[in-house]
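Let's take a walk through this model together, starting with charges and ending with some distances. Keep the structure open and turn it as you read.

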Amino acid sequence: MLEMTIALPDSISESEARICLATKFFEAGRLSCGQAAELAGYSKCTFMELLSKQGIAVLDYPADELTGDLRHA
C-alpha cells in the first residue's frame, strides 16, 4: 500500500482530509464502501450514514432497472 505525507493548512484536520478523500474516491468508484470507510477511519455503517448526510448515494441502482426487477420478482 502506498503511503504519502500531505501538508495541510491548520484549518483542515487530518480527519477532515481523510473523510474528503474517502468520500470522493468512493463517489468516483475508485474505492469500495468498505475501503473508503477504512480510509476515513469509520465503520462501514457509520461511513454509509455520512455519505447519506452528504447526499451521496450508497447504492447506484438506476430506477428503471429497479422497476424492471420488481416486475419480475
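With which residue does arginine 18 form a salt bridge? Its partner is glutamate 14, and the closest N and O atoms of the pair are 3.1 Å apart. A salt bridge here is a side-chain nitrogen of Lys or Arg within 4 Å of a carboxyl oxygen of Asp or Glu.

Before going further, a word on what you're looking at. This is a predicted model, in which local features need pLDDT of at least 70 and side-chain atom pairs count only at pLDDT 80 or more, while totals for chains, interfaces and linings use all residues. Residues are numbered from 1 along each chain as its sequence is written, and side-chain values use heavy atoms, with hydrogens and water left out.

Back to that pair. Arginine 18 and glutamate 14 both sit in helix α1, four residues apart, or about one turn of the helix. Helices are DSSP runs (H or I, at least four residues), numbered from the N terminus. Glutamate 14 is exposed at 53% relative accessible area, whereas arginine 18 is partly exposed at 35%. The cut-offs behind those words: buried is under 20% relative accessible area, exposed is over 50%, and partly exposed is in between (1.4 Å probe, protein chains only).

The structure holds two salt bridges. The other to look at joins the side chains of lysine 24 and glutamate 27, at 3.4 Å from N to O. Why are these two separated by about one helical turn? Because they are three residues apart in helix α1. Lysine 24 counts as exposed, with 52% relative accessibility, and glutamate 27 is partly exposed at 45%. As a rule, side chains of opposite charge can pair when their charged atoms come close.

Stay in helix α1, which covers residues 14-27, and find threonine 23. Is threonine 23 buried or exposed? It's buried, because its relative accessible area is 3%. The side chain of threonine 23 reaches the backbone oxygen of isoleucine 19 at 2.7 Å.

Now for the surface. Met4, Ile6, Leu8, Ile12, Leu21 and Phe25 make a nonpolar patch of about 530 Å². Patches are made of residues with over 30% relative accessible area and no salt bridge; like charges are joined within 9 Å, and nonpolar side chains (Val, Leu, Ile, Met, Phe, Trp, Tyr) within 5 Å. The areas come from the Shrake-Rupley method with a 1.4 Å probe, and for residues only the protein chains shown count as cover. Of the patch members, leucine 8 is placed in the segment before α1 and is partly exposed at 34% relative accessibility. Isoleucine 12 also lies in the segment before α1, and is partly exposed at 33%.

There's a charged patch as well: Asp60, Asp64, Glu65 and Asp69 form a negative one. For this, Asp and Glu count as negative and Lys and Arg as positive, with His and the chain ends not counted; each charge is placed at CG of Asp, CD of Glu, NZ of Lys or CZ of Arg. Glutamate 65 belongs to helix α4, residues 63-71, and is partly exposed at 44% relative accessibility. To link the two patches, try measuring from leucine 8 to aspartate 69: they are 61 residues apart along the chain, and their C-alpha atoms are separated by 46 Å.

A few other spots are worth a stop. Serine 11 is found in the segment before α1 and is exposed at 63% relative accessibility; from there to lysine 24 is 13 residues in sequence and 20 Å in space, C-alpha to C-alpha. Cysteine 33 is in helix α2, residues 33-40, and is buried at 10% relative accessible area. The C-alpha atoms of cysteine 33 and serine 43 are separated by 9.9 Å, with their positions 10 residues apart along the chain.

Finally, isoleucine 56 is in the loop between α3 (44-53) and α4. It counts as buried, at 11% relative accessibility. Isoleucine 56 and glycine 68 are 12 residues apart in sequence and 23 Å apart in space, C-alpha to C-alpha.

How values were computed:
A polar contact is a pair of N or O atoms within 3.5 Å; within protein, one must be able to donate a hydrogen and the other to accept it, and residues adjacent in sequence count only if both atoms are side-chain atoms.
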